[in-house]
Structure formats: C-alpha cells, structure tokens
Amino acid sequence: MKQLPKVIAVIGPTASGKSDFAVEYALAHNGEIISTDSRQVYEGLDIGTGKITHDEMKGVPHHMLDVYAPGEEVSVVRFRDDALPIIEDIFARGKTPIICGGTGQYLDALIYNETLPQVPPNATLRRELSHKTKEELFIMLQTSDSTRAKTIDKDNPARLIRALEIINHQNFVPKQQKPELRYTIEMYIMAPSRDVLRDRIKRRIEKRLHQGMLEEVSTLLEKKIYSEQELKRFGIEYYLIARYLRGELLEDEMKEKLFYAIYHYAKRQETWNKKYTTIPAITLTMVTVKN
C-alpha cells in the first residue's frame, strides 16, 4: 500500500494552548501552520477570535488567516478548496504541514477524503429561520439530526441555520460515511484538566479585554462592517460585548456570561475531539496542559 504523506494536526479546546504548541513544533520540525478556525479566516476579527499575533508566530508561516473579506460567504467546501493547495505547496517545498485550530468541520475537510455537500445559500429559508431563537433552531436540528446536534455550537444561530439549510436542500439527513484519511495523520490533542481549562479561559478573557476586544467590537459596529445580528455568527463573545457596549450588561455580568459561553463551547470541542481517539489509523498523543 502506498504510504500517504504525513500531516501534523494540533487540536484541543479553546484556550488550551494549541497555537503555542503548534509554533514550537513548527520551529523544531521545519513546519508551516494551516489554521482551521472558521472565524480567524476573516479580516478584522482578531482579538475576539484569539488570532495569533505576528510576534507569537515567531517567524513561522501561518496560512488561512485573514483570507476573506468581511461579509463573504465561506463554506466548509470553499475553505477546503482554498487550503488543500497550500498543503500541497508546503509538501513540495520540503516542509511539514501543521494543521491547527478549533473548528472540527474544517479539520475534517482537510484530513478526510469525503464528498462534502455543495449546498448554496437559501435566502428564503434563511429569512424564515432568522426569526427563530437559537433555542428553537437547536430543537429543530435535534429533531432532524441528533448526531449533528451533539457537536454543533448551539449558541451560534448561523451554524444552526446552515445545518438546517443542508438538511433542507438534500431533503434528508446526510448519511455518515466511513472516514478515509487523505494523509497519514500524527495528531496532538491538548488535554487540560477542568480546573486548568477554567483558569485559562478566565485569564484569556482578561487578556483579550486588555488587548482591546471592546474597541474591536465597537469599531466593527461603528464602521458597519457587521450588524449586531451578523456578529452572532462569529460567536457569543461578540454578541455579549455588543450588548455590554449598548448598556444592557454590567461589566462583571458580561465577563461571567463570556466565561460560561466559552467554557461550554470548549466542552463541545472536547466532545468532538473524542472521535479521533477511536480511529486506529491516526497516531495520537495527548498533551498535558499544566497551567
């Protein structure tokens, strides 16, 4: 059997230190990093998404950051089609491709040979669903596809609507295919304890606020790059900060809601990542995160 080229994957819950680990690995193994974060692909979404800074990159090339303009429609298929040639180019230059990020669907799109649904936006359906609460959307998805509901970010209406849009377009729940790896995968999973994860999330919130996350959201709204409703698609953090800026939340209340929203999202990421531990073809290393 032909040996597949090897790709490194670094995954883990948000705030677990994926980016720092990937950079150190790249420095030691002549690597370049491909981000698989569905929000960091956009220009202007920097602090709120935890996008790695130029200094933090330590000279390691990073790809799939800031590649799409605000407001562009980016599907998993589009991301895959743009990212795969970059991986092939890294191979061609004799370097090591390192996939790093927290969006499971984007990671899977790169490491698996799967046919992804080519589903165009349905403006009529989106208008209808936009009037529903995120709780109502989640119940609809649970009814239609309980498996997808277990891993989706239920606080992100855009993700919920997109999942329902795919089901509606195909008129059935997409059949789960047996995954076939595109590469030989050496995977590192960041594994903080619950206490360490909670502490890291709290520290990250304070760090981002200090870096200017409030100003970032304010600028996005003032320049009308995104409306408050559109900001929801990029995560609950942006929406909660918008509410704080509007005077609907006190600072401590905003921080508390931010913590719980991010923590619950991190737990969903861990649920998603568990599936990789059951795939014998993936060489797996759990990385203990101590602080």
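What do the buried residues of H9 pack against? They pack against E5, helix H10 (213-222), helix H12 (236-245), helix H13 (251-273) and E6, where contact means heavy atoms within 4.5 Å. Before going on, note that this is a predicted model, where local features need pLDDT of at least 70, side-chain atom pairs count only at pLDDT 80 or more, and totals for chains, interfaces and linings use all residues. Residues are numbered from 1 along each chain as its sequence is written, and side-chain values use heavy atoms, with hydrogens and water left out.

**The sheet**

Let's look at the strands. Helices (H or I, at least four residues) and strands (E, at least two) are DSSP runs, numbered from the N terminus. Six strands make an open sheet with parallel pairing, in the order E3-E2-E4-E1-E5-E6; two strands pair if DSSP finds at least two bridges between them. Strand E3 (62-63) and strand E6 (283-289) stand at the edges with a single partner strand each, so one side of each has no neighbour in the sheet. Further in, strand E1 (residues 6-11) and strand E4 (residues 96-100) run parallel and are joined by three bridges. Ala9, for instance, has Ile99 in E4 as its bridge partner.

**Helix H9**

Back to H9 (residues 194-211). Its 18 residues should span 26 Å at 1.5 Å a residue, and the end C-alpha atoms are 25 Å apart, which agrees. That expected span is 1.5 Å times one less than the number of residues. Among the buried residues of H9 are Val196, Leu197, Ile201 and Arg208. Buried means under 20% relative accessible area, exposed over 50%, and partly exposed in between (1.4 Å probe, protein chains only). Just after H9, Gly212 takes a positive phi of about 115 degrees.

**Two more positive phi values**

Here are two residues other than glycine that also have a positive phi.

| Residue | Phi | Loop | Relative accessibility |
|---|---|---|---|
| Ala15 | near 75 degrees | between E1 and H1 | 5%, buried |
| Lys58 | near 55 degrees | between H2 and E3 | 49%, partly exposed |

**A pocket**

Ala15 turns up again here. The second largest pocket has a volume of about 1000 Å³, and of the 48 residues lining this pocket, those closest to its centre are Ala15, Ser19, Gly50, Arg204 and Arg208. H9 gives the most to the lining, with six residues.

On a 1 Å grid over the protein atoms alone, a pocket is an open set of points where a 1.4 Å probe fits, with protein on both sides within 12 Å along at least five of seven lines; lining residues have an atom within 4 Å of a point. Grid points are joined across faces, edges and corners, and a volume is the space filled by probe spheres set on the points.
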